[in-house]
Amino acid sequence: MRNLLSGLRLQKENPTFLVAQYKALSSQIPVLYILLVINALAVAITHIHTAPMWLALYVPVGLSVLCVFRIVWWQIHGQDCISGDRAYRVMRRTIVLAGVLTFAFGAWAVALYQYGNAYQQGQVAYFLVVTGISCVLCLMHLPAAALLTTAITFSFMVVTFMFSGNSVFVATATSVIFLSFPFIRVINSYFQNFAGLVRLTKELGDKQTEAERLNLINSRNALQDQLTGLANRRSFFRELQDLLQQRPEEPPIIGLVDLDGFKPVNDVFGHAAGDLVLKQTAERFVALMGGKGTIARLGGDEFGVIFPSDLSRSCVSEMGQAFCAALREPYDVPGGSIRISGSCGIVVPEGGGHTAEQLYEKADFALYQVKSRRNGSVEFFSHDLEEILQQRHLIELELQSDNFARELSLEYQPIIDLDDGHVVGFEALARWNSARLGRVSPDAFIPAAERTAMIGKMTRILFAEALKALSIMPPPLRMSFNLSARDICDHETSMALLGMIHGAKIDPRRIEFEITETALLSDFDTAYEVIGLLRAAGITIALDDFGTGFSSLSHVHRLEFDKIKIDKSFVMQFDRDVRCMNITRSVANLCRNLGIASVAEGVESLAIAEALHAFGVRLAQGYHFSRPLRLHDAIAFAEASETGVEARRLASA
Ligand code: C2E
Ligand code: CA
Ligand code: CA
């Protein structure tokens with residue numbers, strides 16, 4: 001009952017439901033009017049000779065004209081996209097009209113009743129009940145109108161026939177009274193089903209809208225860098241690929257911008273400050289792009305640029321400079337103001353047939369060049385760089401060949417004790433004599449091996465050879481062996497090396513591993529663990545090329561290196577450049593103060609060797625003493641040095 005009462009009310013607060021009611025009625029109401037008009041005219045025709053003309057003809061025709069107007073109205077407006085408010089107004093009008101028309105037709109039928117014979121009266125009864133029920137069925141979506149129609153029709157019927165004096169009519173009226181209860185129930189349950197369906201449809205619609213919204217967010221996230229709001233790496237490459245596909249003959253100019261000095265910001269000021277720097281950088285870049293082209297954050301502190309297609313090479317260069325200049329502007333972060341810099345590598349592709357990866361590699365290579373000069377400027381990918389890059393590819397390809405392992409060998413450069421000139425050990429230096437490429441410098445093939453993940457295999461091959469050499473070198477001669485950044489950040493390789501030492505029955509104290517600072521920068525924690533393991537086994541660790549990388553005293557302090565190798569770039573120029581001499585002296589002093597041994601490499605003259613000795617540097621290697629030697633020459637060199645030392649000792653005695 002409560003359901004029925006609530007169904008009678010128009011739900012003004014639920015516009016979706018009102019619109020659904022309107023739509024449902026729009027297809028039913030024209031049918032209702034057509035039925036009504038046909039049935040009314042049928043009654044009118046049979047009464048045309050028995051009832052007065054105004055009643056038999058004019059009234060039903062007048063009412064029918066009104067119905068036709070309503071049919072036309074619903075035909076025109078039934079499919080309109082309407083608001084909840086308008087649906088409300090239309091339905092209120094429909095309820096009123098339902099009441100008025102039902103009353104009018106009912107009263108007309110009852111008025112005709114007195115003029116007809118028994119058959120005609122039966123027709124009137126049929127008209128009232130059957131037409132009434134048909135109309136109610138058409139109004140089921142609007143219970144107020146349906147019930148009003150039921151009430152009026154049934155009332156006319158019951159009142160007229162109850163007092164007709166005809167027992168058949170009285171019986172019919174009585175059954176109509178009983179019929180009205182289940183009929184009202186049917187109306188109610190139909191309406192409740194309809195309401196449930198509308199609710200369900202709305203819920204489904206809402207869920208679909210929500211799913212579409214989430215989908216949109218997901219696809220936006222998949223293409224957007226969350227921190228800066230810029231396009232991300234995937235989006236950058238997708239756009240680049242699209243552009244290359246659309247206009248293969250006019251490939252876009254692309255650039256890569258990389259921040260210099262960003263890592264220390266994170267280390268010193270924390271990640272929140274680092275995030276702020278990246279966000280502000282993105283804002284500066286977006287402003288410089290002026291809404292044209294694409295700027296993306298490719299990851300970490302690397303940004304990618306697809307320059308607008310109408311920019312000339314010189315404009316692109318200016319823009320690259322502007323990016324670098326923008327990076328040099330101070331950044332405000334909690335705790336202070338930060339200054340960093342950045343470099344930009346650009347590729348202006350010539351001709352067609354480029355892939356996104358190739359363009360990226362070229363821009364990256366140009367960036368690498370400018371970063372290695374560390375001057376925070378712009379570098380274009382040139383023909384010279386193209387040649388170097390091709391050579392790099394050749395080397396990478398040859399590294400994969402079966403011959404590579406056989407073509408590898410070691411040379412040994414003596415390390416001298418400056419106190420008396422005797423050889424304390426050797427540094428093992430990799431050599432590759434390729435059948436196709438000739439002699440390839442380790443400075444070229446070791447980075448290539450690192451890039452192609454061949455380094456672990458190569459290190460094992462060379463280390464096996466170094467151990468073999470050490471096994472025939474008389475103790476206490478020692479061997480220094482270079483490990484790459486990848487080796488020192490890889491538990492598997494370091495474990496394999498320890499296993500090899502054990503297998504070769506070599507005293508680990510005769511072995512020294514040389515590692516560079518770049519190794520520490522890539523993954524300090526793993527490097528720290530691995531170094532700890534190696535030192536625990538008795539191996540000594542030297543920090544190679546000290547002064548060339550991002551030297552950090554905290555690294556030296558935390559990792560407790562056994563030795564520091566002063567880079568040859570300082571030592572070699574030592575007698576020509578005061579700055580180099582000062583650096584060398586400072587490093588020597590630092591080592592003495594920290595109680596760490598120092599080794600000077602790149603000693604090319606006696607004068608330098610003597611000066612180093614005066615600075616307190618005890619160990620040295622360099623062309624002045626010997627170039628790297630084949631194994632047997634190295635052993636002979638060590639023996640000769642022993643003899644020389646002995647002779648000098650005897651002479652001085
Ligand atoms: P490094 O460890 O700094 O090695 C010293 C480099 O300086 C060697 O170059 C050596 O030949 C050169 N050198 C020695 N004395 C002098 C001198 O008086 N003057 C000059 N101008 N140069 C001198 P090399 O053999 O070309 O090696 C280059 C680099 O390749 C090495 O630098 C090292 O970083 C890397 N490397 C060499 N062998 C291996 C290896 O087996 N494994 C790994 N991971 N890296 C290696
Ligand atoms: Ca070295
Ligand atoms: Ca070195």
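Along the chain, the residues that hold the calcium ion (ligand 2) are spaced in the pattern E-x54-N-x31-E-x29-D. This comes from a predicted model. Put names to those letters and the protein donors turn out to be Glu427 (OE), Asn482 (OD1), Glu514 (OE) and Asp544 (OD). They sit 2.1 to 2.3 Å from the ion. Two of these residues show how the site ties distant parts of the chain together: Glu427 belongs to strand β9 (residues 423-434), while Asp544 belongs to strand β13 (residues 540-546). That puts the pair 117 residues apart in the chain. Glu427 and Asp544 are both buried.

Asp544 has another job in the geometry here. A further calcium ion (ligand 3) lies 3.8 Å from the calcium ion (ligand 2), and Asp544 coordinates both.

Now for a pair of helices. Two packed helices can be described by the angle between their axes plus the distance between those axes. For helix α4 (residues 84-113) and helix α5 (residues 118-138), the angle is about 165 degrees and the axes are 9 Å apart. Because angles over 145 degrees count as roughly antiparallel, α4 is roughly antiparallel to α5. The crossing of α4 past α5 is left-handed.

What do the two helices touch each other with? On the α4 side, the contact is made by Phe105, Gly106, Trp108, Ala109, Val110 and Tyr113. Facing them from α5 are Gln121, Val124, Phe127 and Leu128. Sorted by class, this contact has 8 nonpolar residues, 2 polar ones and no charged ones.

Methods: Residues are numbered from 1 along each chain as its sequence is written. Chains are lettered from A and ligands numbered from 1 in the order in which they are written. This is a predicted model: local features need pLDDT of at least 70, side-chain atom pairs count only at pLDDT 80 or more; totals for chains, interfaces and linings use all residues. Side-chain values use heavy atoms; hydrogens and water are left out. Donors are N, O and S atoms within 2.8 Å of the metal (3.2 Å for Na, K and Ca); water is not among the atoms, so sites may look incomplete. Helices (H or I, at least four residues) and strands (E, at least two) are DSSP runs, numbered from the N terminus. Buried means under 20% relative accessible area, exposed over 50%, partly exposed in between (1.4 Å probe, protein chains only). Axes are lines fitted to C-alpha atoms, for helices over the stretch in contact, and angles run from 0 to 180 degrees between N-to-C directions. Angles under 35 degrees count as roughly parallel, over 145 as roughly antiparallel, 65 to 115 as roughly perpendicular and the rest as oblique. A crossing is left-handed if the near helix is turned anticlockwise from the far one by less than a right angle, and right-handed if clockwise. Contact means heavy atoms within 4.5 Å. Ala, Val, Leu, Ile, Met, Phe, Trp, Tyr, Cys and Pro count as nonpolar, Asp, Glu, Lys and Arg as charged, and the others, Gly among them, as polar.
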